[in-house]
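Open the model in your viewer and keep the sequence panel visible. This tour tells you what to select at each stop and what you will find there.

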Amino acid sequence: MLLSANLKEGAPDIPTFFHQKAEALRQQGWRVTFGVLDDRTSPKGLLRNYRRLKQEVEEHAPDVVHAKYGSTTAAMAHLVRGARPLVVSFVGDDLLGTPLPGLRWRLREWLARRIGWWAARHADAVFVRSENLLQALPVRLRAKASILPDGVALDLFRPLDKAVCRERLGWKPEAKVVLFNAGQGTNQVVKNPALARETVDLLAHADPAVSLHMMAGAGSEEVCWMLNAADCLLVTSLHEGAPKIVQEALACNLPVVSVPCGDVPERLEGVCPGGIGAYEAADLARLVRGVLEAGSRSNGRVRLIEQGLTTRQYAAKAGATYLTIRRS
């Protein structure tokens, strides 16, 4: 499983959800190792990573190489895999881009997308997280692509006592907390925090107990506490693939109010309280107010399982594809 990761104290800082997916695959009988690309831009760094990853592939002799991102990550996976089958997963901004200003950024995104498409043309299978990402692929790649959301680890993201979680986080018991995933780096632009602030400002004007909590850079355990301590998750993203925070909120039965981005309308189908609103603060505030007035948790966890969005179900589907391409 090849992915991009930053170095933390000299070691790859691999996000928890990759470990969760790897463990689910191990429970299906797969041996999973990580290959880490720690530099996607500099020629020197790319050459260093190529040599190391090529050696690691030869040492581990995997049945399948799976690139967990498009762009340079997918290209590197293709270059180091040798004759082994390749799977490429596109996750969101590697197909949709990031709406940052400037010609330099636009050229960089244009090039990154085409590098990912080039690698995907040589892949044996392609995964995307949602229908809008499937439609963002060139037509010639869609025939080998399938929709496969990552899924949630239900043993980690689960309903917990709200009062206990608030005490752990230091949140006031009487507060009405709207949670917002602010993202990190350039991803913050996509999350559209200005609309979230405007929405909650409208609510706070009528009820000072309402506040917005911006979440960024928290570990999985703390995220679970916040999802259980909050009253509502608000999503205002300009675009998404299949935002994991929505799936995690559903696993914790936290009501979700969102704009119609990515696969969120599908995920929230049959979930209440909560709902989908327009890209307008007044409309989103109306929906959040309805959640706060209801004062109840959602039926999100049941719907999540019914939609097949757990890491166990992800591993079963991914594993079936691995077996198919390994034998072909």
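## Stop 1: two threonines in one helix

Select threonine 321. Leaving aside its neighbours within four places in sequence, threonine 321 is in contact with Ala125 and Phe127. This is a predicted model. Threonine 321 sits in helix α16. Is threonine 321 buried or exposed? Its relative accessibility is 19%, and it counts as buried, since the cut-off for buried is under 20%.

Now select threonine 311. This residue also has its place in helix α16, which covers residues 311–327. Threonine 311 is buried, at a relative accessible area of 11%. Which residues does threonine 311 touch, leaving aside its neighbours within four places in sequence? Show Gln20, Ala24, Asp150, Gly151, Val152 and Ala153: threonine 311 is in contact with each of these.

## Stop 2: strand β6 and its partners

Select residues 86–90. This is strand β6, and five of its five residues are buried. What lies on each face of β6? On one side are Leu86, Val88 and Phe90. On the other are Val87 and Ser89. Both faces are covered.

Add residues 65–67, which form strand β5. β5 and β6 run parallel and are joined by three bridges. To see one pairing, pick histidine 66: its bridge partner in β6 is valine 87. Next, follow the chain from β5 to β6. The path goes through helix α3, residues 71–80. This β-α-β crossover is right-handed.

Then add residues 125–128, strand β7. How many bridges pair β6 with β7? There are four, in the parallel sense. Serine 89 stands opposite phenylalanine 127 of β7. You have met Phe127 before: it is one of the contacts of threonine 321.

## Stop 3: helix α3

Stay with α3 and colour its residues. Nine of its ten residues are buried. They are Ser71, Thr72, Thr73, Ala74, Ala75, Met76, Ala77, His78 and Val80. What covers them? The cover includes β1 (2–4), β4 (35–37), α2 (43–60), β5, β6 and α5 (103–121). Just past the helix, select glycine 82. Its phi is positive, near 70°.

## Stop 4: leucine 3

Select leucine 3, which lies in strand β1. At 1% relative accessibility, leucine 3 counts as buried. Which residues is leucine 3 in contact with, leaving aside its neighbours within four places in sequence? They are Ile14, Phe18, Phe34, Gly35, Val36, Leu37, Lys68 and Thr73. Thr73 is also among the buried residues of α3.

For a longer look across the model, draw a distance from leucine 3 to tryptophan 171. The two are 168 residues apart in sequence, and their C-alpha atoms are 35 Å apart in space.

## Stop 5: a pocket

Turn on a surface view. The second largest pocket has a volume of about 430 Å³. It is lined by 22 residues. Which of them are closest to its centre? Select Met1, Arg31, Thr33, Pro62 and Val64. α2, β5 and α16 each supply at least two residues of the lining. α2 gives the most, with four.

## Stop 6: a five-stranded sheet

Move on to the sheet with the strand order β10-β9-β11-β12-β13. This is an open sheet, and its pairing is parallel. Which strands stand at the edges? Select β10 (210–215) and β13 (274–276). Each has a single partner strand, so one side of each is left without a neighbour in the sheet. Look along the sheet to see the twist: neighbouring strands are turned by 25° against each other on average, direction ignored.

Zoom in on residues 256–258, strand β12. β12 and β13 run parallel, and three bridges join them. Valine 256 has glycine 274 of β13 as its bridge partner.

Now show the helices. Select residues 281–294, helix α14, which packs on the sheet. α14 touches β9, β10, β11, β12 and β13. Its direction makes about 175° with that of β12.

Finish with residues 193–206, helix α10. α10 lies across β9 (176–181), β10 and β11 (232–235). It runs at about 160° to β10.

Terms used: Residues are numbered from 1 along each chain as its sequence is written. This is a predicted model: local features need pLDDT of at least 70, side-chain atom pairs count only at pLDDT 80 or more; totals for chains, interfaces and linings use all residues. Side-chain values use heavy atoms; hydrogens and water are left out. Two strands pair if DSSP finds at least two bridges between them. Axes are lines fitted to C-alpha atoms, for helices over the stretch in contact, and angles run from 0 to 180 degrees between N-to-C directions. Contact means heavy atoms within 4.5 Å. Buried means under 20% relative accessible area, exposed over 50%, partly exposed in between (1.4 Å probe, protein chains only). A crossover is right-handed if, with the strands pointing away from the viewer, the path from the first strand over the helix to the second runs clockwise. On a 1 Å grid over the protein atoms alone, a cavity is a set of points where a 1.4 Å probe fits but cannot get out, and a pocket is an open set with protein on both sides within 12 Å along at least five of seven lines; lining residues have an atom within 4 Å of a point. Grid points are joined across faces, edges and corners, and a volume is the space filled by probe spheres set on the points.
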